[in-house]
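Biologist: Could you take me through this model one step at a time, explaining each term as we meet it?

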Amino acid sequence: MFGYIKVDQANLLGKEFEAYNGIYCTLCRQLGKDYSIFARLILSYDCTFYAMMALDLNEQPPCYQEGRCRFNPFKKCHYADTQSRAFSLAAALSVISAYYKLKDNLLDSPWYKRILYRLVQPFFASWRKKAAKKYPEIDESVSKMMDRQIEAEKDQNCILDQAADPTAIMLSEMCGLLTEYIPLRKPLQKDNTKRILQSMGYAIGRWIYLIDACDDYEKDQKHHNFNPFLLDDKDDLAGYMEANLNHALSDALLSYGLLDKGRYDSIIQNVLCESCVNIQKKIISKYSDANETED
């Protein structure tokens, strides 16, 4: 995952940030428990959000207990004590996504980085094999996403929507998968909730892909790598980026608005309405400033 789906701490209440941190720390612990202590290094904000969405749907609310951080014994952490599969699913998605991201990096990176990637590849492959055995649906979805992405980038007639589609479809499937493993709280109904989550996941997946492309635009332009925003020569690049990102984010919010609100509604709203907006403003400002300088 890319790490763009995170909270805006400045606009969260203390108890809300504490709850979010508890989910973050519990996912870290789950990665260590299910895979290895080194798997904790791939902990991401995106998969923390995925775990939080699962807990928000869950019938049983999590209880937090105080403990010590494995990396810093002097630091106190709050760990969620829950019987749901929220953290197991998020941990599996973390290691499977990291494995396929590593494979992609092996194709695109310079030789000196590829040496490092090949050294750690056996560890990632072992984690992915274990996660795929437990959740084959996640491995199949992420694997297909990578294949579709490669095909799209090789297509000479590729357009922005086509390039963003594989990530969007994958996250749509991952969000829909929550209804198969998580016992839903009342009054959520499985079929309706699944459709809403799939729609929301598609929009968030599209936004993640596009914001990453915006962030890497200058690097990709310099190294002649594929980037969907390089496919068309736009006079107002910043405006074009912003329009596409706003469209994806508004679709995510519209879908989420159809869902009966749960225990983490204020944090989810913070992520979608404040943090994501601020992140895209910060990234797009680089190209707005460049346009103003040229003028």
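Modeller: Buried means under 20% relative accessible area, exposed over 50%, and partly exposed in between, with a 1.4 Å probe and protein chains only. This is a predicted model, where local features need pLDDT of at least 70, side-chain atom pairs count only at pLDDT 80 or more, and totals for chains, interfaces and linings use all residues. Residues are numbered from 1 along each chain as its sequence is written, and side-chain values use heavy atoms, leaving out hydrogens and water.

Biologist: Which residues of α5 are buried?

Modeller: Helices here are DSSP runs (H or I, at least four residues), numbered from the N terminus. The buried residues cover an arc of only 170 degrees, taken from the directions from the helix axis to the C-beta atoms, and therefore lie on the same side of α5. On the other side, Glu151 and Lys154 are exposed. The buried residues of α5 are Ile138, Asp139, Ser141, Val142, Met145, Met146, Gln149 and Ala152.

Biologist: How are α5 and α6 oriented to each other?

Modeller: The axes, lines fitted to C-alpha atoms over the stretch in contact, give angles from 0 to 180 degrees between N-to-C directions. Those of α5 (residues 136–154) and α6 (residues 160–181) come within 8 Å and cross at roughly 170 degrees. Angles under 35 degrees count as roughly parallel, over 145 as roughly antiparallel, 65 to 115 as roughly perpendicular and the rest as oblique. The two helices, α5 and α6, are therefore roughly antiparallel.

Biologist: Is Glu274 buried, partly exposed or exposed?

Modeller: Glu274 is found in helix α10 (residues 265–294). Because its relative accessibility is 28%, Glu274 counts as partly exposed.
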